[in-house]
Amino acid sequence: MNQPSATSGGEAGKRLFKGGADSHGRSLAKGVSWRVIGTADTFAWSWLITHEPVKAGAIASLETFTKIALFYAHERAWRVFPWAPNARTRSLVKAVSWRLVGSLDTFILSLIVTGNGRYAVSIASVEALTKIALY
């Protein structure tokens with residue numbers, strides 16, 4: 001049985017997303033594109049807050065690696081909890097828990113790179129809001 005393509009048209013999209021909405025290709029494309037958007041968001045806010053592009057670049061660069069590892073660990077941890085695997089409530093709780101982990105990561109990296117607690121709180125707070133909106 002053929003499943004519908006994850007795109008609205010085009011043979012290239014059908015090949016990339018073969019297998020439907022939950023294909024490996026689609027998941028990979030979403031993961032990579034989101035990491036690019038998330039890193040750009042952190043870089044922009046870090047630069048605006050610190051006025052130091054090198055420190056902003058360091059925060060964003062480090063975050064690229066830590067977020068990939070943390071997201072993997074977060075996903076694996078949630079597999080341990082069989083609670084309502086397809087429920088919207090589970091998705092919401094999982095999303096909120098990830099945002100907390102992600103924001104804590106940004107806070108810690110910002111604190112390490114800038115040495116300034118005010119900057120770290122500001123960067124983590126504002127990027128938490130923008131990442132929710134961007135997602």
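Which residue follows α4, and what is the sign of its phi? The residue is G115, and its phi is positive, near 70°. Keep that residue in mind as we walk through the helices. One caution before we go on: this is a predicted model.

Let's start with α4 itself. It covers residues 88-114. Does its length fit? What span should we expect for 27 residues at 1.5 Å a residue? The answer is 39 Å, and the end C-alpha atoms of α4 are 38 Å apart, which agrees.

Now look at which parts of α4 are hidden. Its buried residues are R90, S97, W98, R99, G102, S103, D105, T106, L109, S110 and T114. What covers them? The cover includes α2, α3 and α5.

Take one of these residues, S103. It sits in α4. Its relative accessible area is 14%. The cut-off for buried is under 20%, so S103 counts as buried. Which residues does S103 touch, leaving aside its neighbours within four places in sequence? They are A124, E127 and A128. Hold on to E127. We will meet that residue again.

Next, α2. This helix runs over residues 24-50. It has 27 residues and reaches 38 Å from its first C-alpha to its last. That is close to the 39 Å expected at 1.5 Å a residue. What comes after α2? H51 does, and its phi is positive, near 65°.

The buried residues of α2 are W34, R35, G38, T39, D41, T42, S46, I49 and T50. They pack against α3, α4 and α5. G31 is also in α2. Is G31 buried or partly exposed? It is partly exposed, with a relative accessible area of 41%. G31 is 37 residues from I68 in sequence, yet their C-alpha atoms are 9.2 Å apart in space.

Now to how the helices pack. First pair: α2 and α5, where α5 covers residues 117-134. Their angle is about 140°, and their axes are 9 Å apart. α2 passes α5 in a right-handed crossing. Who makes the contact? From α2, the residues include W34, I37, W45 and I49. From α5, they include Y119, I123, V126 and L134. E127 of α5 is in this contact too. By class, the contact has 8 nonpolar, 6 polar and 4 charged residues.

Second pair: α3 and α4. At what angle do they pack? About 145°, with their axes 9 Å apart. This crossing is right-handed. The contact here has 11 nonpolar, 7 polar and 8 charged residues.

That brings us to charge. Side chains of opposite charge can pair when their charged atoms come close. How many salt bridges does a search of the whole structure find? It finds 8. I'll show you three.

Number one is E63 with K67. Their side chains meet at 3.0 Å, N to O. Both residues are in α3, which covers residues 53-80. They are 4 residues apart, so about one helical turn separates them. Is E63 buried or exposed? E63 is buried, with a relative accessible area of 0%. K67 is buried as well, at 3%.

Number two is E75 with K94. The closest N and O atoms are 3.1 Å apart. This pair links distant parts of the chain. E75 is in α3 and K94 is in α4, 19 residues apart. E75 is partly exposed, at 26% relative accessible area. K94 is partly exposed too, at 23%.

Number three brings back E127. Its side chain meets that of R99 in a salt bridge, 3.3 Å from N to O. E127 lies in α5 and R99 in α4, so the pair ties together parts that are 28 residues apart in sequence. E127 is buried, with a relative accessible area of 0%. R99 is buried, at 14%.

Some bridges also share partners. Which residues do they join into one network? They are R35, E63, K67 and D105. We have met each name already. R35 is among the buried residues of α2, and D105 is among those of α4. E63 and K67 are the pair from α3.

To close, go back to the structure and find E127. From there, look for S103, one of its contacts, and for R99, its salt-bridge partner.

Technical notes:
Residues are numbered from 1 along each chain as its sequence is written. This is a predicted model: local features need pLDDT of at least 70, side-chain atom pairs count only at pLDDT 80 or more; totals for chains, interfaces and linings use all residues. Side-chain values use heavy atoms; hydrogens and water are left out. Axes are lines fitted to C-alpha atoms, for helices over the stretch in contact, and angles run from 0 to 180 degrees between N-to-C directions. Helices (H or I, at least four residues) and strands (E, at least two) are DSSP runs, numbered from the N terminus. A crossing is left-handed if the near helix is turned anticlockwise from the far one by less than a right angle, and right-handed if clockwise. Contact means heavy atoms within 4.5 Å. Ala, Val, Leu, Ile, Met, Phe, Trp, Tyr, Cys and Pro count as nonpolar, Asp, Glu, Lys and Arg as charged, and the others, Gly among them, as polar. Buried means under 20% relative accessible area, exposed over 50%, partly exposed in between (1.4 Å probe, protein chains only). A salt bridge is a side-chain nitrogen of Lys or Arg within 4 Å of a carboxyl oxygen of Asp or Glu. The expected span of a helix is 1.5 Å times one less than its number of residues.
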